[in-house]
Amino acid sequence: MKTGDLVKFDYVHRQATSLNNKVGVFLGDRPINRPDGVVVNNFSVWMLHDGMEHICDRGMMKWLRKIDRES
């Protein structure tokens, strides 16, 4: 997946109702560098339904899929 790709979250779970089955634009990696030296690998998606950037844990990638704009 690369920056600018149109993406859609599948059904994640009850706690992620703002992302379930929603479409957005993949904005790329957004790592957080903690003061203790640990890097938390996150990514960002601009969601079309609410017009907001959402920072997601890297584990959420398994529910994210690229939408083919050609079809």
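In this predicted model, L19 is in contact with F9, M47, H54, C56 and M60, leaving aside its neighbours within four places in sequence. L19 also belongs to the largest nonpolar core. That core has twelve residues: V7, F9, V12, A16, L19, F26, F43, V45, M47, C56, M60 and L64. Several contacts of L19 are therefore fellow members of the core, among them F9, M47, C56 and M60. Strands β1 and β5 each supply at least two core residues. Strand β5 gives the most, with three residues.

The strands form an open sheet. Five strands are arranged in the order β6-β5-β2-β1-β7, and the pairing is antiparallel. Strands β6 (52-57) and β7 (64-66) lie at the edges, each pairing on one side only. From one strand to the next, the twist averages 40°. In a regular strand, side chains alternate between the two faces of the sheet.

Two of the strand pairings were examined further. Strand β1 (residues 6-9) runs antiparallel to strand β2 (residues 23-29), and three bridges join them. Within this pairing, V7 has G24 of β2 as its bridge partner. V7 is also a member of the largest nonpolar core. Strands β2 and β5 pair in the antiparallel sense over five bridges. Here D29 is matched with F43 of β5 as its bridge partner. F43 is likewise listed in the largest nonpolar core.

Strand β5 (residues 42-47) also contains N42. N42 counts as buried, because its relative accessibility is 7% and the cut-off for burial is under 20%. Its contacts, not counting residues up to four places away in sequence, are D29, R30, P31, I32, I55, C56, D57 and R58. One of these residues, D29, is the bridge partner of F43. Another, C56, belongs to the largest nonpolar core and is also in contact with L19.

Charged side chains were considered next. Side chains of opposite charge can pair when their charged atoms come close. The count comes to six salt bridges. One of them joins the side chains of D5 and K66, at 3.9 Å from N to O. This pair links distant parts of the chain. D5 sits in the segment before β1, K66 sits in strand β7, and 61 residues separate them. D5 has a relative accessible area of 2%, so D5 is buried. The D5 and K66 pair does not stand alone: K2, D5 and K66 are linked in a network of salt bridges.

A second link to strand β7 involves R65. The side chains of D10 and R65 meet in a salt bridge of 3.0 Å, N to O. This pair, too, connects distant parts of the chain. D10 lies in the loop between β1 and β2, R65 lies in strand β7, and the two are 55 residues apart. D10 is partly exposed, because its relative accessibility is 29%. R65 is also partly exposed, because its relative accessibility is 38%.

A further salt bridge pairs R34 with D36. The closest N and O atoms of this pair are 2.7 Å apart. R34 has a relative accessibility of 38%, so R34 counts as partly exposed. D36 has a relative accessible area of 51%, so D36 is exposed. The cut-off explains the assignment of D36, because exposed means over 50%.

The loop between β1 and β2 holds further residues of note. T17 has its place in this loop. T17 counts as exposed, because its relative accessibility is 54%. T17 and L6 are eleven residues apart in sequence, and their C-alpha atoms are 19 Å apart in space. N21 is found in the loop between β1 and β2 as well. N21 has a positive phi of about 55°, although N21 is not a glycine. N21 counts as partly exposed, because its relative accessibility is 45%.

Definitions and conventions:
Residues numbered from 1 in each chain as written. Predicted model: local features only at pLDDT ≥ 70, side-chain atom pairs only at ≥ 80, totals over all residues. Heavy atoms only, no water. Pairing = 2+ DSSP bridges. Helix = DSSP H or I, 4+ residues; strand = E, 2+ residues; numbered from the N terminus. Axes fitted to C-alpha atoms, helices over the stretch in contact; angles between N-to-C directions. Buried < 20%, exposed > 50% of the residue type's maximum accessible area, 1.4 Å probe, protein only. Contact = heavy atoms within 4.5 Å. Salt bridge = Lys/Arg side-chain N within 4 Å of Asp/Glu carboxyl O. Core = buried A, V, L, I, M, F, W, Y, C linked by side-chain atoms within 4.5 Å.
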